[in-house]
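Got your viewer open and a selection box ready? Let's take a walk through this one, stop by stop.

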2 protein chains.
Amino acid sequence: MRTIWRAGDGRSVETIDQTKLPHAFVTLRLASAEDASRAIREMRVRGAPLIGATAAYGLALALLDDASDGALDAAYRLLVAARPTAVNLRWALDETRRAVAEVPPAERAARAFARADRMCDEDVAICRAIGEHGLEILRAAARRAGGRRLNILTHCNAGWLATVDWGTATAPIYRARQEGIELHVWVDETRPRNQGAALTAFELGEERVAHTVIADNTGGHLMQRGLVDLCIVGTDRTTANGDVANKIGTYLKALAAKDCGVPFYVALPSPSIDWALTDGLAQIPIEQRDGREVTHISGLAADGQLREIRLTPANTQAANYGFDVTPARLVTALITERGPCAATTDGLNGLFPARAPGSRGPK
Amino acid sequence: MRTIWRAGDGRSVETIDQTKLPHAFVTLRLASAEDASRAIREMRVRGAPLIGATAAYGLALALLDDASDGALDAAYRLLVAARPTAVNLRWALDETRRAVAEVPPAERAARAFARADRMCDEDVAICRAIGEHGLEILRAAARRAGGRRLNILTHCNAGWLATVDWGTATAPIYRARQEGIELHVWVDETRPRNQGAALTAFELGEERVAHTVIADNTGGHLMQRGLVDLCIVGTDRTTANGDVANKIGTYLKALAAKDCGVPFYVALPSPSIDWALTDGLAQIPIEQRDGREVTHISGLAADGQLREIRLTPANTQAANYGFDVTPARLVTALITERGPCAATTDGLNGLFPARAPGSRGPK
């Protein structure tokens, strides 16, 4: 099962409403750019690659109704503003717009759908390739562990729910499981939206990967005690020099990994690279969301109902930054679909020479 | 109002059930060592100094019923085992036992109550003194901020609810507020028990100190952006060389503070010093609690009821470490009731020469 697919009516796509997981598995039909934008903003779909795919379909859906240049621009602007940090959103929209720009309006919707379909297939292939390259790293770590079960820490959800299939950070884990490597995953719950406790735990449970949910406060302690062999996380945007924007709190885990000598890997599909940026802290826009996502939380009550409760005193103000930037110096390696590389300009240029700044190759 | 007081019947003490805050203010009557032990274990009272005071009263309550040596020992053993990390618990029990050891059984209960009463007064005096010394640090920081509002980050609750009154980490904040220093507190929510979101936010709201609750993941990002002038936290046990055990996640904030050049202070009442230990990571026992505190959470539902909800898939396993150890090298200074000092053996010995290892002075 993929996380987004074209519906039978040919005029909509379907996806999973991730705000209901793990308590209910509910699908969601998107029939317009507005639907796609809302699903992204409300985080019913989330994860940088899936946001990209959803936006691409959103553009295609808009073109079904009105394939004029004006409608194309309006849909692009609506969708690109849905969330600011993951660069995949802009990348996917640029790719889709490019695919339709030179064709007559009557063909645009079909071209856009075709490009979105292909983008999904590409995402699956990218994740599979990240899985293979990451598997090598896990194999080496397992050898170093000498037969002991490998302990991996991850933050947020960079699993199949965040992508079209396989996931980025989880792809090596799923491959290692297939290969019979004994492993166990420490799952950061990832407040305030709890993508770890809700989504990664759900995924790993479905795939029968041993795992333990922990409060986000816990990873440093575990690393101090030698209970983490390596960390793998995803990314929403990585700069050309290897600075990594990822879910808020990633930076803290990278600091602990550095302090404790634990390797810290970032699974990086190339559409998450922002080749135009060279300073993550200064240049990557960090989303701020409603403080209510911090002061209130939903879950399954004893009566079987999904309920929201308030955690703070009434009217308490909360700040809700969605991402932080992990400086490249804290990253052991980036794991891309073309293999691992150092989190440096040279490292990325070595794998993607045509995309390097100043390159004359195709962009 | 203090957090623990003798009831009018002379045979019990009362305290605040902190598991109900901030949604309900409920007092709790403790009439036996068992009651005191249960209140500590269930975290109805918490915070190292208040745990100590509650244990001291617990011993006094036991002696009301049976003042024999055997009963004294049994109550001591019951209470000292209630929680493992905060050394104040053992300190308070040792102090109280010492106060009654040499007197006839008929006088023991009264002596124990008197010692517990005095311990509470001492705690208030210690917190006031920490407040004065911390105020100097905040004054200097405010001068450096040049009139701009001072931003302070704190983790967990080291406020008046954690002590008998004033708090440790919050005492300088409350004093600074009295002095008219403009400040704002970033309140880590402090999963899994949310002492920040529930208790520190409640306290600061009552005292009209500007504050914003944040997910525990957020502090590193804020420090990277220059939005934190200094951190102040409490401690459950500090070793003779300055290693600090405090609520899980403290280590991560100390790492970020170091990385970002933000001063990191620990408010340290001397009963929280474990003079026998010289290696926090190796020697301080770290409490592990029920994983259910991670997978489930309580709060106020829309219907006005306190409700518990589940956050994870059914039967998800969670680990729940209560504390971590921040190595002394990450601590800018300890703020004790005798003044600030370096987080080193020499620093602590300078302020407490009689307690230094190898000293012949009174212990």
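Here is a tour in a handful of selections, and keep in mind throughout that the model is predicted.

**Stop 1: the barrel that two chains share**

Start by selecting β12 and β13 in both chains. Together they make a closed barrel of four strands, in the order β12(A)-β13(A)-β12(B)-β13(B), and the pairing is antiparallel. Turn the view a little: on average, neighbouring strands in this sheet are turned by 55 degrees against each other, direction ignored.

Now hide chain A and keep the chain B half. Strand β12 covers residues 296-301 and strand β13 covers residues 306-310, and five bridges join these antiparallel strands. Which residue of β13(B) faces G299(B)? Label R307(B), since that is the residue standing opposite G299(B).

Stay on R307(B) and show side chains. R307(B) meets D303(B) in a salt bridge, with 2.5 Å from N to O. Both partners are partly exposed: R307(B) has 23% relative accessibility, and D303(B) has 38%.

**Stop 2: more charged pairs**

Side chains of opposite charge can pair when their charged atoms come close. There is plenty of this to look at, as the count over all chains comes to 64 salt bridges.

Select R193(B) and E293(B) next. Their closest N and O atoms are 2.7 Å apart, and the two form a salt bridge. This pair ties together distant parts of the chain: R193(B) sits in the loop between β5 (183-188) and α7 (195-206) of chain B, while E293(B) belongs to helix α11 (residues 292-295), 100 residues apart. Are these two buried or exposed to some degree? R193(B) is partly exposed at 26% relative accessibility, whereas E293(B) is buried at 15%, the cut-off for buried being under 20%.

Switch to chain A and select R83(A), R193(A), E287(A), R289(A) and E293(A). These residues are linked in a network of salt bridges.

For one further pair, go back to chain B and pick K20(B) and D17(B). They form a salt bridge whose closest N and O atoms are 3.2 Å apart. K20(B) is partly exposed, with a relative accessible area of 27%, but D17(B) is buried at 3%.

**Stop 3: a hairpin in chain B**

Select residues 237-247 of chain B in cartoon view. Strand β8 (residues 237-239) runs antiparallel to strand β9 (residues 244-247), and two bridges join them. R237(B) stands opposite A245(B) in β9(B). Four residues lie between the strands of this hairpin, and G242(B) takes a positive phi near 100 degrees.

Where does β9(B) go for another partner? Add strand β14 (residues 323-326) of chain B: β9(B) pairs with β14(B) in the antiparallel sense over four bridges. To get the register, label K247(B) and F323(B), which stand opposite each other.

**Stop 4: a covered helix in chain A**

Over in chain A, select helix α1 (residues 33-41). Its buried residues include A33(A), D35(A), A36(A), S37(A), A39(A) and I40(A). What covers them? Turn on β3 (27-30), α2 (48-65), α3 (69-80) and α4 (87-101) of chain A, which are among the covering elements. Just after α1(A), look at M43(A), which takes a positive phi of about 60 degrees.

**Stop 5: two threonines**

Select T163(A), in the loop between β4 (150-154) and α6 (170-178) of chain A. T163(A) counts as buried because its relative accessibility is 0%. Leaving out residues up to four places away in sequence, T163(A) touches T3(A), P49(A), L50(A), D123(A), C127(A) and T168(A). There is a polar contact to spot here too: a polar atom of the T163(A) side chain lies 2.9 Å from the backbone oxygen of D165(A). For a sense of scale, draw a distance from T163(A) to M223(A), 60 residues apart along the chain; their C-alpha atoms are separated by 28 Å.

Finish in chain B with T3(B), which lies in the segment before β1 (4-6). T3(B) is buried, with a relative accessible area of 1%. Which residues does T3(B) touch, beyond those up to four places away in sequence? Show E14(B), T15(B), I16(B), L50(B), W160(B), L161(B), T163(B) and V164(B).

Key:
Residues are numbered from 1 along each chain as its sequence is written. Chains are lettered from A and ligands numbered from 1 in the order in which they are written. This is a predicted model: local features need pLDDT of at least 70, side-chain atom pairs count only at pLDDT 80 or more; totals for chains, interfaces and linings use all residues. Side-chain values use heavy atoms; hydrogens and water are left out. Two strands pair if DSSP finds at least two bridges between them. Axes are lines fitted to C-alpha atoms, for helices over the stretch in contact, and angles run from 0 to 180 degrees between N-to-C directions. Buried means under 20% relative accessible area, exposed over 50%, partly exposed in between (1.4 Å probe, protein chains only). Contact means heavy atoms within 4.5 Å. A polar contact is a pair of N or O atoms within 3.5 Å; within protein, one must be able to donate a hydrogen and the other to accept it, and residues adjacent in sequence count only if both atoms are side-chain atoms. A salt bridge is a side-chain nitrogen of Lys or Arg within 4 Å of a carboxyl oxygen of Asp or Glu.
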